[in-house]
Amino acid sequence: MAKLGTAKRPAIARVQTMARAQEILALCERHGWKVIVGIEPDKPEDISDVERLLNPNKARRGKPRAAMTGKPKVGRNDPCPCGSGLKYKQCCLRKRQR
């Protein structure tokens with residue numbers, strides 16, 4: 001995947017006014033980033049791509065496992081999700097390893 005802010009993958013910003021669009025364009029031009037700015041007065045401002053370019057070292061957090069799979073991650077010492085009342089390592093983890 002191409003780097004954000006390049007010609008192959010320009011940053012995308014949505015602003016509400018022409019003045020704000022010019023601000024974003026000037027900022028990106030100073031840094032040499034490619035950007036597409038849309039002016040949409042009826043929608044909320046979204047400059048998340050530009051913010052990512054400004055703060056590249058900011059910790060990125062992925063989606064929690066439960067959000068990705070629909071199932072929470074079960075630790076070895078957590079109660080077994082099958083409802084047996086045993087720890088996971090004493091119940092379904094053993095069944096899974098066989």
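1. The accessible surface of the protein chain comes to about 8000 Å², and 51% of that area belongs to carbon and sulfur atoms. The model under discussion is a predicted one, and the values that follow should be read with that in mind. Of the 98 residues in the protein chain, buried residues make up 19%. Among the contacts in the chain with a separation of 6 or more, 43% are accounted for by residues 24 or more positions apart.

2. As to the overall layout, the secondary structure of the protein chain comes to 4 helices and 2 strands, and from the N terminus on these elements run in the order β-α-β-α-α-α. Strand β1 (residues 11-15), helix α1 (residues 18-31) and strand β2 together make a β-α-β unit, and this unit is right-handed. The pairing between β1 and β2 (residues 35-39) is in the parallel sense and extends over 5 bridges. Within that pairing, Ala-11 has Val-35 as its bridge partner in β2, while Val-15 stands opposite Ile-39 of the β2 strand.

3. The two faces of β1 deserve a separate remark. In a regular strand the side chains alternate between the two faces of the sheet. Here Ala-11, Ala-13 and Val-15 point to one face and are buried, whereas Ile-12 and Arg-14 point to the other face and are not buried.

4. Val-15, whose place is in strand β1, counts as buried because its relative accessibility is 0%, against a cut-off of under 20%. Leaving out residues up to four places away in sequence, Val-15 touches Arg-20, Ala-21, Ile-24, Val-37, Gly-38, Ile-39, Glu-40, Glu-45 and Ile-47. One of these, Glu-45, is 30 residues apart from Val-15 in sequence, yet the two are 4.6 Å apart in space, C-alpha to C-alpha.

5. The largest nonpolar core has 13 residues, and those that touch the most other members are Ile-24, Cys-28, Val-35 and Val-50. To this core β1, α1 and α2 (48-54) each supply at least two residues, and the largest share, 4 residues, comes from α1. Ile-24 is in contact with Ala-13, Val-15, Val-35, Val-37, Ile-47 and Val-50, once its neighbours within four places in sequence are left aside.

6. Ile-36 offers another view of strand β2, in which it has its place. Since its relative accessibility is 47%, which lies between the cut-offs of 20% and 50%, Ile-36 counts as partly exposed. Not counting residues up to four places away in sequence, Ile-36 touches Pro-10, Ala-11, Ile-12 and Ala-13. Ile-36 and Arg-9 are 27 residues apart in sequence, and their C-alpha atoms are 9.9 Å apart in space.

7. The segment before β1 contains Lys-8, which counts as exposed because its relative accessibility is 77%, over the 50% cut-off. Lys-8 and Lys-34 are 26 residues apart in sequence, and the distance between them in space is 8.9 Å, C-alpha to C-alpha.

8. The cysteines call for a careful reading. A disulfide is a covalent bond between the sulfur atoms of two cysteines. Under the rule that the two sulfur atoms must lie within 2.5 Å, the count comes to 0 disulfides. Cys-92 is in no disulfide, and the nearest cysteine sulfur, that of Cys-80, is 3.4 Å away; that distance fails the rule because a disulfide requires sulfur atoms within 2.5 Å. As for exposure, Cys-92 is partly exposed, with a relative accessible area of 23%, whereas Cys-28 is buried, with a relative accessible area of 0%.

Key: Residues numbered from 1 in each chain as written. Predicted model: local features only at pLDDT ≥ 70, side-chain atom pairs only at ≥ 80, totals over all residues. Heavy atoms only, no water. Buried < 20%, exposed > 50% of the residue type's maximum accessible area, 1.4 Å probe, protein only. Pairing = 2+ DSSP bridges. Right-handed = clockwise from strand over helix to strand, strands pointing away. Core = buried A, V, L, I, M, F, W, Y, C linked by side-chain atoms within 4.5 Å. Contact = heavy atoms within 4.5 Å. Areas by Shrake-Rupley, 256 points an atom, 1.4 Å probe, with all protein chains shown as cover.
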